[in-house]
Amino acid sequence: MLARLPLPYLLLMAGVATFIFCLYMDRWLKIPKVTAMFFVISVGCCIGMIIVGGLQYRPWSPEQMLVEYSFTLIGLTIGLIPSRKPVLKYCEEWRRGVRREKYEYSKWCAMAPVVSVTIMGFLGFILAT
């Protein structure tokens, strides 16, 4: 359904998803170089998804892959929200020079991104076909 939209709208949707993700990472980590790195990685993942989608046995169109990219990236952004506090604590310690042997996270912090990306991936799949 969404893949039938004109390509500029889908590119705008992917751009907005990338902007929201990078803005969240910038507000979260407050390290501009890392935010720039996340932007480059996100664009690379988008291009990679389009290429891999076209190489499938039943090829996915670039429009379908842009919808899938947008939904999964928003799912990742939503999934990272629960782990914000421990990561901010560890980043602040790292900035002060404190290094730990092991960083502990709750199981929920690890499972939230997986569940969120999976749900948004399925939703993107449904709306892309």
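This is a short walk through the helices of one protein and how they pack.

Okay, so before anything else: what we're looking at is a predicted model. The protein has 5 helices and 0 strands, so to speak a plain α-α-α-α-α pattern as you read along the sequence. Put a box around the C-alpha atoms, along the principal axes, and you get roughly 50 × 30 × 20 Å. Of the 129 residues, 34% are buried. And if you take contacts between residues at least 6 apart in sequence, 69% of them join residues at least 24 apart.

Let's go to the core. Which residues in the largest nonpolar core touch the most other members? Those are Phe-21, Met-25, Trp-28, Leu-29 and Leu-80, out of 21 residues in that core. Two or more residues come from each of α1 (7-29), α3, α4 (84-96) and α5 (107-128), and α1 gives the most, with 9 residues. Stay on Leu-29 for a second: skipping its neighbours within four places in sequence, Leu-29 contacts Val-34, Phe-38, Val-87, Cys-91 and Arg-95.

Now over to one helix pair. Helix α2, residues 32-54, packs on helix α3, residues 62-79, at an angle of about 140°, with the axes 9 Å apart. Anything over 145 would count as roughly antiparallel, so at about 140° α2 is oblique to α3. The crossing of α2 past α3 is right-handed. On the α2 side, the contact includes Ser-42, Cys-46 and Ile-50; on the α3 side, Met-65, Tyr-69 and Leu-73 are among the residues involved. By class, that contact has 9 nonpolar, 3 polar and 1 charged residues.

Key. Residues numbered from 1 in each chain as written. Predicted model: local features only at pLDDT ≥ 70, side-chain atom pairs only at ≥ 80, totals over all residues. Heavy atoms only, no water. Axes fitted to C-alpha atoms, helices over the stretch in contact; angles between N-to-C directions. Helix = DSSP H or I, 4+ residues; strand = E, 2+ residues; numbered from the N terminus. Parallel < 35°, antiparallel > 145°, perpendicular 65-115°, else oblique. Left-handed = near helix turned anticlockwise from the far one by under 90°. Contact = heavy atoms within 4.5 Å. Nonpolar A, V, L, I, M, F, W, Y, C, P; charged D, E, K, R; others polar. Core = buried A, V, L, I, M, F, W, Y, C linked by side-chain atoms within 4.5 Å. Buried < 20%, exposed > 50% of the residue type's maximum accessible area, 1.4 Å probe, protein only.
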